[in-house]
Amino acid sequence: MDNGMIRKYEKAKMYAEQRERMQVRGLTVEFDGANNPHTVEYKDGAWSCDCEFFVGRDRCSHTMALEIVLDQMLVSAAEVA
């Protein structure tokens, strides 16, 4: 992992401990990020997030935090197909 991703992982762990930042509505989560609110979706085994970091990496601190919170609860893309 590059340094940017390591910092995002540390931030993701912090977010996972602060569950009051997340309001789950079906398969869509409105995330109260440190700088801005973000919308995160999990559909057909894939994540999407409207934050800038997610673009080009397909992961961010918001999606990683939800992976931690939802550990063992997510259907993989392979299971969807």
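Begin on the surface by selecting Met1, Ile6, Tyr9 and Ile68, which form a nonpolar patch with about 390 Å² of accessible area together. Patches of this kind join nonpolar side chains (Val, Leu, Ile, Met, Phe, Trp, Tyr) within 5 Å, taking residues with over 30% relative accessible area and no salt bridge, and the areas come from the Shrake-Rupley method with a 1.4 Å probe, only the protein chains shown counting as cover for residues. The model is predicted, so that local features need pLDDT of at least 70 and side-chain atom pairs count only at pLDDT 80 or more, while totals for chains, interfaces and linings use all residues. Residues are numbered from 1 along each chain as its sequence is written, and side-chain values use heavy atoms, with hydrogens and water left out.

Within the patch, centre on Tyr9, which is found in helix H1; helices (H or I, at least four residues) and strands (E, at least two) are DSSP runs, numbered from the N terminus. Tyr9 is partly exposed, with a relative accessible area of 35%, where buried means under 20%, exposed over 50% and partly exposed in between (1.4 Å probe, protein chains only).

Next, select the charged pairs: the whole structure holds 2 salt bridges, each defined as a side-chain nitrogen of Lys or Arg within 4 Å of a carboxyl oxygen of Asp or Glu. One joins the side chains of Asp2 and Arg57 at 3.6 Å, N to O, linking distant parts of the chain, since Asp2 sits in the segment before helix H1 (3-17) and Arg57 in the loop between strand E4 (46-49) and helix H2 (61-69), 55 residues apart. Asp2 is partly exposed at 41% relative accessibility, and Arg57 is partly exposed at 38%. In the other, the side chains of Glu67 and Arg59 meet at 2.7 Å, N to O; Glu67 is partly exposed at 24%, as is Arg59 at 34%.

Now turn to the interior, where the largest nonpolar core has 15 residues, and where Phe31, Val40, Trp47, Cys49, Phe54 and Leu66 have the most contacts inside it. Such a core is a set of buried Ala, Val, Leu, Ile, Met, Phe, Trp, Tyr and Cys residues joined through side-chain atoms within 4.5 Å. Phe54 can be shown with its contacts (heavy atoms within 4.5 Å), which, leaving aside neighbours within four places in sequence, are Trp47, Ser48, Cys49, Arg59, Cys60 and Thr63.

Finish on His62, which lies in helix H2 and is buried at 6% relative accessibility. Not counting residues up to four places away in sequence, His62 touches Tyr15, Phe31, Gly33, His38, Val40, Cys49 and Cys51.

Key:
Patch = residues over 30% accessible without salt bridge, like charges linked within 9 Å, V, L, I, M, F, W, Y side chains within 5 Å.
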